[in-house]
Every structure is written in C-alpha cells, then in structure tokens.
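User: Could you take me through one part of this protein up close? I'm new to this, so please explain the terms as you go.

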Amino acid sequence: MLRLLLPALLIGSLAVPAAEDNSAPPAGNLRVDRGPGMLALYIPRSESLEFDVEIDIGIADLDVGDVELSSGVDAYVPGLPSATAKAPKNGDDLERGWVRSVATGSYLSYRLEHELKTRILPQTFPALFHTDSQRGSENRNRELKIGVRDGALTAEFRSDAHCKGCTNREHFNEPKWIWGKAEHCRKCKKLEHRAWKDAVSREIPAGTLDMLSAVYLARTLVREDLETTTFPVIDRQKVWEVTLTRGKTRRIKTDSGTFDCQLVQLATSFLAEENDKDEEQNSSTFSGLFGIQGTIQIWLERKTGVPVLIEGELPIPLPLVDKLDVRVRLKRYKNTPAEFKPLPK
Ligand SMILES: [Zn+2]
Ligand SMILES: [Zn+2]
C-alpha cells in the first residue's frame, strides 16, 4: 500500500523517523502520516456517505437538507496547485487524497449550498489545501493553505468580499433616474460582485489540521481503539485546540439499517496565546462542521469508524430560542469498508 507522508506536518521533528505502525491499516485507504506521536489520517479511496439533516423543533424533526461526505484518492500531479512548491523526487507513484462535504438545504426563502473540500498533497506547500464555498441566498469563498514555507509551518488564508469599488462595468448599477450616472454597486449578495481580499499568512503549531480533516481523525481514534487525542485545528486565521474523546456505545437507527456505534466527542477550546491575533475573530466562537457550535457528538460505526450520526447545536437566533438541536443522520452509503454492515434484524 502506498503511504503519503506529509512533510509539512513533520516540522520540528524531521530528524526523528516516523514510528512504524504494525497494525494492519484498513484496505482501500490512503494512509497519511502526520509525524511521530500523531495519529495518522486514513482517506477512503472512493467512499460516499449521504446524510439527512434534521432539526429538532420540539414537536417533530424537521428535514432541512442533505449532507454528502465523500473522499477519494488520485494520482498526484506535481506542480499543482502551486507551481513554486518543491515536489518530492519520486513523484511517479505518489497519490493525493481529498475529502469533501457538501451541504444543501433550504428553509423558507433561504437556500444554501455549502462545500468544504480538503486536498492532501505530497508536497511542502501547500500540503493541505482547504476551500470553503457557499452558494445560494448568500455567496462567499474562503481558501486556506497549510504547509512549510521558509522553514516554518505556515497557514495562508484568503477570503472574498463584496467589491469596494472598481472599474468593472459589470459591478455597476444602472442609474436610478434618466440623467443619473451608473455607479459601482455598494452592497449586494451576488457572487459576480465579489472579489478576493489579500492573503494573510501566519505560523501555526505542528500537526495543525482543518475542521473537515479533524472528522476523519475521529475515524482513526475508533479504528485504533484509542481513548483520546488532542491536536490544533485552524478555522479561518485562528488556531483552536480540538480534543477527541471516546464515549459510550449505542445502537443507532438509520434508513439504511441499525449500526453498532461508538461516540466520539469533538470539543474545542480557546488557546490563550491566540488572544490578540484578530479582533473580529476573538469575539466569534469556533464555527465547527456544518455550523455546529460547541461540542460535536460523532457516532461512528465501531469496527470501521464510518460516521453514522453527527449531533450538535446550531446557533439560530429565533424568538424564544437561540439554539436548535441538529442531527445529521446517515441515509445512504457507497464504497465503505467491507466490514461496515448494519446489524442483522
Ligand atoms: Zn467592483
Ligand atoms: Zn453588488
């Protein structure tokens, strides 16, 4: 089986060879070593998991949308997406992995399509390339690159915003009266009116992952029968400490059968040294997967670590309530490990 080593995530420990793991890795996965003492990531080669998103409104569960979690492994083509990053010499048989989450939904007149995608690349920069794009009633794009640059593990972040004023006539609104002048649009939600802001770079701790990869690390915890692990996660420009803790076991019912599951709690804590980085972000809380805030409960199938149910709270300011319970429940699956099976009826 091919192994993918993330040179970028080994920074600070390059002299120490990665500990050899003798446990048989699950077939059909790309193993991504993150460095000594750090859990490996396993990327399923062509897995697709479809979930229903339900919101608990007290009297009933409301189906508000769908989430698809998928992953894949392809041949690595050096030079993409960064032409300047140094590619390893034996580039012939290297592979790159990717994981993707697509959430679609609508509620009243609000429509949403939200895609998160992380590419894991066998090169120094970026070694992780994470994109976050939202389409629908609101449009926005974010990009995060993680890798070694100038000898330091670096995160480069950029996001878009409504264009503040340019000469592109397509950004101009028609005059309001016949003798008026066409003027640059001041504010709207159109995707065509958005422009990238300058990228911002910062140094980050060894082993830092993005939020989506963190969910795949929860699978490793279950597969390798571990109790807990802690690692840094970067959200936009800010680093948080994420702790995964194994909890109880329970049978979870889904439309595609009942599964024997293991709970993994994903808790986020604030790092004191992150204090003065960015005022705007200091005031906001960590926005976890699917917008869930606070602790995320991930129920994974006990043998394979396939996620079956994800639970948490959505911060929705409505009259009388400020939070809603959300449940993301498996409904269809494809190319999961052979041992992933519902319990006999
Ligand atoms: Zn403009
Ligand atoms: Zn506009």
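Analyst: **One strand and its partners**

Strand S9 (residues 140-149) and strand S10 (residues 152-162) pair up antiparallel, with eight bridges between them. Strands (E, at least two residues) and helices (H or I, at least four) are DSSP runs numbered from the N terminus, and two strands pair if DSSP finds at least two bridges between them. Before going on, a word on the model: it is predicted, so local features need pLDDT of at least 70 and side-chain atom pairs count only at pLDDT 80 or more, while totals for chains, interfaces and linings use all residues. Residues are numbered from 1 along each chain as its sequence is written, with chains lettered from A and ligands numbered from 1 in the order in which they are written.

Back to S9 and S10: they make a hairpin with two residues between them, and Asp150, in that turn, has a positive phi of about 50 degrees. To see one rung of this ladder, find Arg142, whose bridge partner in S10 is Ser159.

S10 has other partners too. Strand S14 (residues 200-203) runs antiparallel to S10 and is joined to it by four bridges; there, Thr154 sits opposite Glu203 of S14. Strand S13 (residues 194-196) also pairs with S10 in the antiparallel sense, over three bridges, and Ala161 has Ala195 of S13 as its bridge partner. As a rule, side chains in a regular strand alternate between the two faces of the sheet.

Now zoom out for some context. The protein chain has two helices and 20 strands in total. Of its 345 residues, 33% are buried (20 or more other C-beta atoms within 10 Å of a residue's own, placed from the backbone; 12 or fewer is exposed, in between partly exposed).

Helix H1 (residues 211-223) is worth a look as well. All 13 of the 13 residues of H1 are buried, so the rest of the structure largely encloses this helix. The largest nonpolar core holds 63 residues, with Leu217, Ala218, Ile298 and Leu300 having the most contacts inside it. H1 supplies the largest share of this core, nine residues. Such a core is a set of buried Ala, Val, Leu, Ile, Met, Phe, Trp, Tyr and Cys residues joined through C-beta atoms within 7 Å. Ile298 touches several residues, among them Val215 and Ala218, leaving out those up to four places away in sequence (contact means C-beta atoms, placed from the backbone, within 7 Å). Just after H1, Asp225 takes a positive phi of about 60 degrees.

How values were computed:
Two residues are in contact if their C-beta atoms, placed from the backbone, lie within 7 Å.
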